[in-house]
Amino acid sequence: MSVATIVPAPLTSSNIRSRSIISPSSFSPINPFKCSTFALQFNTAKLTTPLIRNPNFRFGVSAMSVAAQENLSTTAFLDRRESGVLHFVKYHGLGNDFIMVNNLDSTDPKVTPEQAAKLCDRNFGIGADGVIFAMPGHNGTDYTMRIFNSDGSEPEMCGNGVRCFAKFIADLNSSEGRQSFTVHTGAGLIVPEIQDDGQVKVDMGEPVLKASDVPTKIPPNVNESVVKAKMEVDGTNWNVTCVSMGNPHCVTFGTQANDNLVVDELNLAEVGPKFEHHAVFPARTNTEFVQVFSRSHLKMRVWERGAGATLACGTGACAVVVAAILEGRSERKCRVDLPGGPLEIEWREENNHVYMTGPAQVVFYGSVEL
């Protein structure tokens, strides 16, 4: 496969001084045998990107300059019909980035899991943590969301992904201001609401605490749940709490020897996979390592199932606050700092639902030849 066109996303006057862009209607495919480059004048920074080649994926960018893009229609760009070409928009939620695909005309994903893994490759592909498909609704919902991780696996849901999904749908509909809709996911019904300030608030539903439903084989120690239980990883005994937000999470605030974790000192690449693939998690797991600053301020690093270390994980931040409350470490409303930025998480006592609020932003538009 080869990338035909990359179009920088609309940028506000606050983050770029002057911009000009080639019209989507005038895009032409890249000759993969001709090395072309482009330069972006980004305030005072100048970036130059060459053509990248490998036997499985060729990536090229046509010469263009960045500038005003007010007349660019997301819907018009994505509705272009070209045989063997996938049009997409890349979004990110606190650095957790996704290739968004308009799949509203079909319940079958437009790319395979194997193609998704190649597209997500950060050296030879577009680069992303996953590919998200906006599909027709199911059982009365407005839309359906499916996602393939960067390794080609399919998770039940993704918190940062659903915020990006909400902004993507709003852009497709050319709608602005406060709005909400229902989304069917592998984790059940999710209801995102775009706020007046552009942030996305998501009703993530009720956390699942029953050990067999998370799922985990760690013996329950509080009713049917796993709360601050011992788990041995490579000879070290960790204290863990297991939560499902529609996908499995193992949350730890430290070991039995040191229950006050300093997350920046953690070798995440070494310890993360050992949690993910541990025998006590039959469906593998996402793992959150958490530091407590106060009862309303937490900091986490995450090792995501199927994606590895990422800059943010929305369902993980929700699981962290649930675990912190269960362990008596926090209030019901917290700021959670992730490597990509903060999320506001609330676990409401009156309805047992978890709410997540955070940003989602466009990065660029593009077309890829499959």
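Arginine 305 sits in the loop between β17 (297-304) and β18 (308-309); strands here are DSSP runs of E of at least two residues, helices are runs of H or I of at least four, and both are numbered from the N terminus. The structure is a predicted model, in which local features need pLDDT of at least 70, side-chain atom pairs count only at pLDDT 80 or more, and totals for chains, interfaces and linings use all residues. Residues are numbered from 1 along each chain as its sequence is written, and side-chain values use heavy atoms, with hydrogens and water left out.

Is arginine 305 buried or exposed? Arginine 305 is buried, at a relative accessible area of 9% (buried means under 20%, exposed over 50%, partly exposed in between, with a 1.4 Å probe and protein chains only). Leaving aside neighbours within four places in sequence, its contacts (heavy atoms within 4.5 Å) include Asn149, Glu156, Asn247, Glu276 and Ala283.

Threonine 185, in strand β10 (residues 183-185), is buried too, with 4% relative accessibility. Beyond its neighbours within four places in sequence, threonine 185 is in contact with Met145, Glu156, Met157 and Ile190.

The table gives polar contacts of these two side chains. A polar contact is a pair of N or O atoms within 3.5 Å; within protein, one must be able to donate a hydrogen and the other to accept it, and residues adjacent in sequence count only if both atoms are side-chain atoms.

| Side chain | Backbone partner | Distance |
|---|---|---|
| Arginine 305 | oxygen of alanine 283 | 3.0 Å |
| Threonine 185 | nitrogen of alanine 187 | 3.0 Å |
| Threonine 185 | oxygen of glycine 188 | 2.8 Å |

Now to the nonpolar cores, each a set of buried Ala, Val, Leu, Ile, Met, Phe, Trp, Tyr and Cys residues joined through side-chain atoms within 4.5 Å. The largest has 57 residues, and Phe165 and Ile345 have the most contacts inside it. Helix α5 (residues 314-326) gives the most to this core, with 9 residues. Because domain 1 (4-201 + 360-369) and domain 2 (211-352) both give residues to this core, it lies between them; the domain bounds come from an automatic or database domain assignment. A second, separate core of 21 residues includes Met231, Trp238, Val263 and Leu266.

Finally, helix α2 (residues 113-120) has Ala116, Leu119 and Cys120 as its buried residues. Seen down the axis of α2, these fall within an arc of 95°, so they line one face of the helix; the arc is that of the directions from the helix axis to the C-beta atoms. The buried residues of α2 pack against β5 (85-93), β6 (96-102), β7 (130-136), β8 (143-149) and β22 (361-369).
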